[in-house]
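Student: I'd like a close look at one part of this model, in plain talk. Pick a spot, walk me through what is there, and then tie it to the surroundings.

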Amino acid sequence: MTMGSLPCNIFTPLDPDHFTEQSHRVVDFVADYYRAIENYPVRSQVEPGYLKNQLSDSAPFSPDQLEAILEDVRNHIIPGLTHWQSPNFFGYFQANASTAGFLGEMLCTGFNVVGFTWIASPAATELESIVMDWMAKMLKIPHSFTFSGGEGGGGVLLGSTCEAVVCTLAAAREKALERLGCDHIGKLVVYASDQTHATVEKASRLIGIRPSNFRPLPTSAATSFALCPEVVRKAIEDDVESGLFPLFLCATVGTTACGAVDPLEGLGQVAREYGMWFHVDAAYAGSACICEEFRSYLDGVQLADSLSMNPHKWFLSNMDCCCLWVKNPGALTSSLSMDPEFLKNKDSDTKKVVDYKDWQIALSRRFRAMKLWLVIRSHGVVNLQEHIRSDVAMAKWFESQVGMDPRFEVVVPRKFAMVCFRLKPRAGEDGSDINSRLLESINSSGRAYMTHAVVGGLYVLRFAIGTTLTEQRHVDATWKLIQEKADLIRVLEMM
Ligand code: PLP
């Protein structure tokens, strides 16, 4: 039957009874996926282009049944997934999920409101402001970053750190150019370390900073790859002498490659001295700072203009969710606001409400606060802390095993739940070849998945713990797998 011959009243895309029946089937499907997840090879084993041979090359004219669609998901999509929620996934960085995160996403997408202005959905805006203050209190960051602190600060939920950095850079650029004049954009300079996430360089390009004015300053093993304030000061002095203007300094708490922590206090002082915007990127390790024993890594954050962290990494909040706090939201809104006629309303005119459209790049926005609120309420601070601590304990155990095996070495001392290590190279080798072969043999086994980094010129394997389903037995089995593959590589070398 073609669509044209269907009676109109059959096409009811949001019928509540149909919604109940179909969504329960999808929930059951996802639950079965989690039950079976350990059986799948962690890294997908398909070849590029695999999917086009398995699916139709044009859209169906008549509707497909959910059963048939889920069958295709089972047979064609799941084999092409790298299973980030597998307990044997130790790659990249944490992107952990939870039942509460999933339920929060369901409510967010179920309501599907677009709270760009306060009146467009007052609850979405107000819940977001409340949850951002909750998070700020959990992290014990200064009142000046909160709405309730009464000093004008506040927070917003975005989709990614990249967006957070683009927004803060845009705010900093606007402020600087007001002072210097628009013609000086080519003289603005952004400082970060060679460990800073590539997103900061990308964001700098996006907001018009000359590529040659992005300074990835060197770090070394001597400071555990933290950025040294004196290195920043020297770079700034050189730039000022050349007629350039220092604009923005980004510090990281928990770098992607090796978990390095930049000294916020010292860097913040330098940024203040030169009137720069100081941003702290705690995308990954910010979650750990809700635990007393990690909180000191945020010491000095009082000197920052902005701070961001990603609950979608290590805070049991399904993608996507990035918290950004700023002390002076006016700086953001003056660079990001838009005011077309169709959005005008009397509440916005009072300037007493938050219109989050002016705190972000896009106009439309998701009701992410619903998810974060559910995550925090359903787990409680106590379980969120426990979740961090148990991952860190497993990482500590793994690090101790590496330290006890004379064939291996820990390359960067562990701070959080990620261990950077490598198979010691033989004399005359630099270690990248043997370690990349080791990594490939682990990943191609399908039994675990890890990724690599180059830190201080050394090729290292990264063992990042954080998947919600990971237990000690998985870490144990993966360490045995690594040892087994290392044995094999050494034996093959001798043949
Ligand atoms: N900053 C750090 C320290 C990260 O670890 C990451 C992701 O790994 C990012 C930024 C990028 O985050 P997003 O994907 O949210 O832009």
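Tutor: Let's start with Asn112, which counts as exposed because its relative accessible area is 58%, and the cut-off for exposed is over 50%. Keep in mind that this is a predicted model. Asn112 sits in the loop between helix 3 (99-111) and helix 4. Its backbone is worth a look too: phi of Asn112 is near 50 degrees, a positive value in a residue other than glycine.

Now follow the chain from that loop into helix 4 (residues 122-138), which packs on the sheet. Helix 4 touches strand 2, strand 7 (306-309) and strand 8 (322-326), and its direction makes about 85 degrees with that of strand 8.

And the sheet itself? It is an open one, built from 7 strands in the order 2-8-7-6-5-3-4, with mixed pairing. At its edges are strand 2 (154-158) and strand 4 (214-217), each pairing on one side only. From one strand to the next, the twist averages 20 degrees. Inside that order, strand 3 (residues 188-193) and strand 5 (residues 245-252) run parallel and are joined by 4 bridges. If you want a pair to click on, Val189 stands opposite Pro246 in strand 5.

Two loops around this sheet have backbone details of their own. In the loop between helix 10 (311-314) and strand 8 you find Asp320, and a cis peptide bond joins Met319 and Asp320, with omega about -5 degrees. In the loop between strand 4 and helix 7 (229-241) lies Ser224. Phi of Ser224 is also near 50 degrees, again a positive value in a residue other than glycine. Ser224 counts as partly exposed because its relative accessibility is 22%, and buried would mean under 20%.

For a last stop, go to Arg462 in strand 12 (residues 458-464). Arg462 is buried yet has no salt bridge; the nearest side chain of opposite charge, Asp281, is 12 Å away. What the Arg462 side chain does reach is the backbone oxygen of Thr256, at 2.8 Å. Leaving aside neighbours within four places in sequence, the contacts of Arg462 include Phe90, Gly91 and Tyr92. Also among them are Thr256 and Ala257, Met418, Val419 and Cys420, and the run Met450, Thr451, His452 and Ala453.

Definitions and conventions
Residues are numbered from 1 along each chain as its sequence is written. This is a predicted model: local features need pLDDT of at least 70, side-chain atom pairs count only at pLDDT 80 or more; totals for chains, interfaces and linings use all residues. Side-chain values use heavy atoms; hydrogens and water are left out. Two strands pair if DSSP finds at least two bridges between them. Axes are lines fitted to C-alpha atoms, for helices over the stretch in contact, and angles run from 0 to 180 degrees between N-to-C directions. Contact means heavy atoms within 4.5 Å. Buried means under 20% relative accessible area, exposed over 50%, partly exposed in between (1.4 Å probe, protein chains only). Lys and Arg count as positive and Asp and Glu as negative; His and the chain ends are not counted. A salt bridge is a side-chain nitrogen of Lys or Arg within 4 Å of a carboxyl oxygen of Asp or Glu. A polar contact is a pair of N or O atoms within 3.5 Å; within protein, one must be able to donate a hydrogen and the other to accept it, and residues adjacent in sequence count only if both atoms are side-chain atoms.
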